[in-house]
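The following explanation leads the reader through one structure, beginning with two cysteines and proceeding to the sheet and its surroundings. Please keep the coordinates in view while reading.

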Amino acid sequence: MSSTADPEPLIVPRAEHSISRSNISQNALKVLYRLRDAGHAAYLVGGGVRDLLLGHEPKDFDVATDATPEEVRQVFRNCRLIGRRFRLAHVFFGPEIIEVATFRASAIPAGQDGTDDDGARTENGMILRDNVYGSIAEDALRRDFTVNALYYNIADFSVVDYAGGLEDLKAGRLRLIGDDVEARYREDPVRMLRAVRFACKLGFMIDAPCETPLPELAPLLGEVPAARLFEEVLKLFHAGYGLHAFEKLRHYGLFAQLFPAADACLARQEHEFPMVFVSRGLDNTDRRVLDGKSVVPPFLFAVLLWEPVRLRYEALLDGGTPWADAMALASHEVASAQQRHVAIPKRFGMPMREIWSLQPRLERRQGRRPMALLGHPRFRAAYDFLLLRAEAGEVDPELADWWTKFQDANPGDRAKMTGAGKRRRPRRRRKPKDAAGGSGSEGSERVAGLQGRAAGGDGDG
Ligand code: ATP
Ligand code: MG
């Protein structure tokens, strides 16, 4: 499939680079060897090669080959073909999936929209479908950044570089492949988010010609399906560098495209706390990720969207709407408007709104309500959220302290704290059937269960 016009790559032999097979997943190696033994070219490519060369542990290993997806399927029994936009083979080894992609040619040249016979399709310069197979050189040049276009050849263990990625890797530079930077962003505007993500993840600087057009091209994100942006947002904010990513996204005007209502609030904030609140929330999330703790999308989105919810809630209260209705309405409005930009799946949107709806309920400390709240499946998340609000100076820290003490208190002290004991005669014969009557630690366990389920992702529909 090699074309005559292919450029000559820089080939670095095994003795002159740092990639060792002992750092590559056994399953990825199996895939590479099996393809090679079946007579195909097979390379490790993308983030795996980049991270190995940087001495980082790769998140996953992707394989590129000259075998078509159907030919790949013939080599592996444990294999499934997926994807429309990019047709790929997934080879399964228990929980590990090795993605095997056939070399692809570049899409239709920029400026020419349409569908050709082989299945490439573009619209307004944006790639919609991309199933034209090509040579390894073509495959390299249609990738996003030069450092993501390095190949590790299983045939001789060399590293193959068609785009100058090795030099950029040494320089700590993110550079889009090709001269027409704007066209590359137009083909796939998500590359703008990827630029920010890799700059944060790798500590690289974005090459000036790739950085300069970001604010002007940011509105192109409006053309990307909102569901895809949800995935990208999670990659940006749940990988341990969310605060840094947030600052960069705001700097380039990309955050405003993802979260317009939140951005507008932050841009014209009168008090410091909305910014402090989001920054602290993201910083907490980063620390949890780095400590290996679970993080869940509902909390992240609750943090990012809180300021518009809070402002709308206050306005509705001022207009005379009762507090519970005001919160329900504000939550619904903000969440619905957000769906057009970054689509939050229902299974995450519901708990997100619950975290918000519990906030005014946490202000009501009299009677039996606080006990009932302790048993609410979203209590722990709502309490963490309240702590953040207190830290940011939005609510009186005394309220957060009260809830901290209330959880730790014994039943007698709890009754005193809420005044609940005064109104009722103690029950003698029946044990309290209220499951929420347990200790604070029981409450935490329930929440830990919830977080585990939510962190498990897709299952908790
Ligand atoms: P990581 O997995 O660490 O987040 P990665 O570079 O492996 O980083 P993936 O999203 O897994 O990123 O993509 C694998 C490879 O596919 C990339 O390295 C790049 O070569 C190519 N690629 C991914 N997304 C795009 C895109 N939007 N445009 C062009 N090439 C892309
Ligand atoms: Mg990857």
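**Cysteines, sheet and a histidine in a loop**

In this predicted model, C79 has a relative accessible area of 12%, and because the threshold for burial is under 20%, C79 is classed as buried. C210 is likewise buried, with a relative accessible area of 2%. As for disulfides, the structure holds 0.

C79 also leads into the sheet, since residues 79–82 form strand β4. The sheet is open and consists of 8 strands with mixed pairing, arranged in the order β1-β11-β10-β2-β3-β6-β5-β4. At its edges are β1 (10–12) and β4, each of which pairs on one side only. From one strand to the next, the twist averages 30°. Strands of a sheet pair through backbone hydrogen bonds, in either a parallel or an antiparallel sense. For β4 and β5 (residues 88–93), the sense is antiparallel, and the pairing extends over 4 bridges. Within this part of the sheet, L81 stands opposite A89 of β5.

Attention now turns to β2. Helix α2, which comprises residues 47–54, lies across β2 and β10 (150–153). The helix runs at about 65° to β2.

The loop between α1 (26–37) and β2 (42–45) contains H40. Is this histidine buried or exposed? With a relative accessible area of 17%, H40 falls under the 20% limit and is therefore buried. Beyond its neighbours within four places in sequence, H40 is in contact with L35, T65, D66, A67, E71 and V75.

Conventions:
Residues numbered from 1 in each chain as written. Chains lettered and ligands numbered in written order. Predicted model: local features only at pLDDT ≥ 70, side-chain atom pairs only at ≥ 80, totals over all residues. Heavy atoms only, no water. Helix = DSSP H or I, 4+ residues; strand = E, 2+ residues; numbered from the N terminus. Buried < 20%, exposed > 50% of the residue type's maximum accessible area, 1.4 Å probe, protein only. Contact = heavy atoms within 4.5 Å. Disulfide = S-S within 2.5 Å. Pairing = 2+ DSSP bridges. Axes fitted to C-alpha atoms, helices over the stretch in contact; angles between N-to-C directions.
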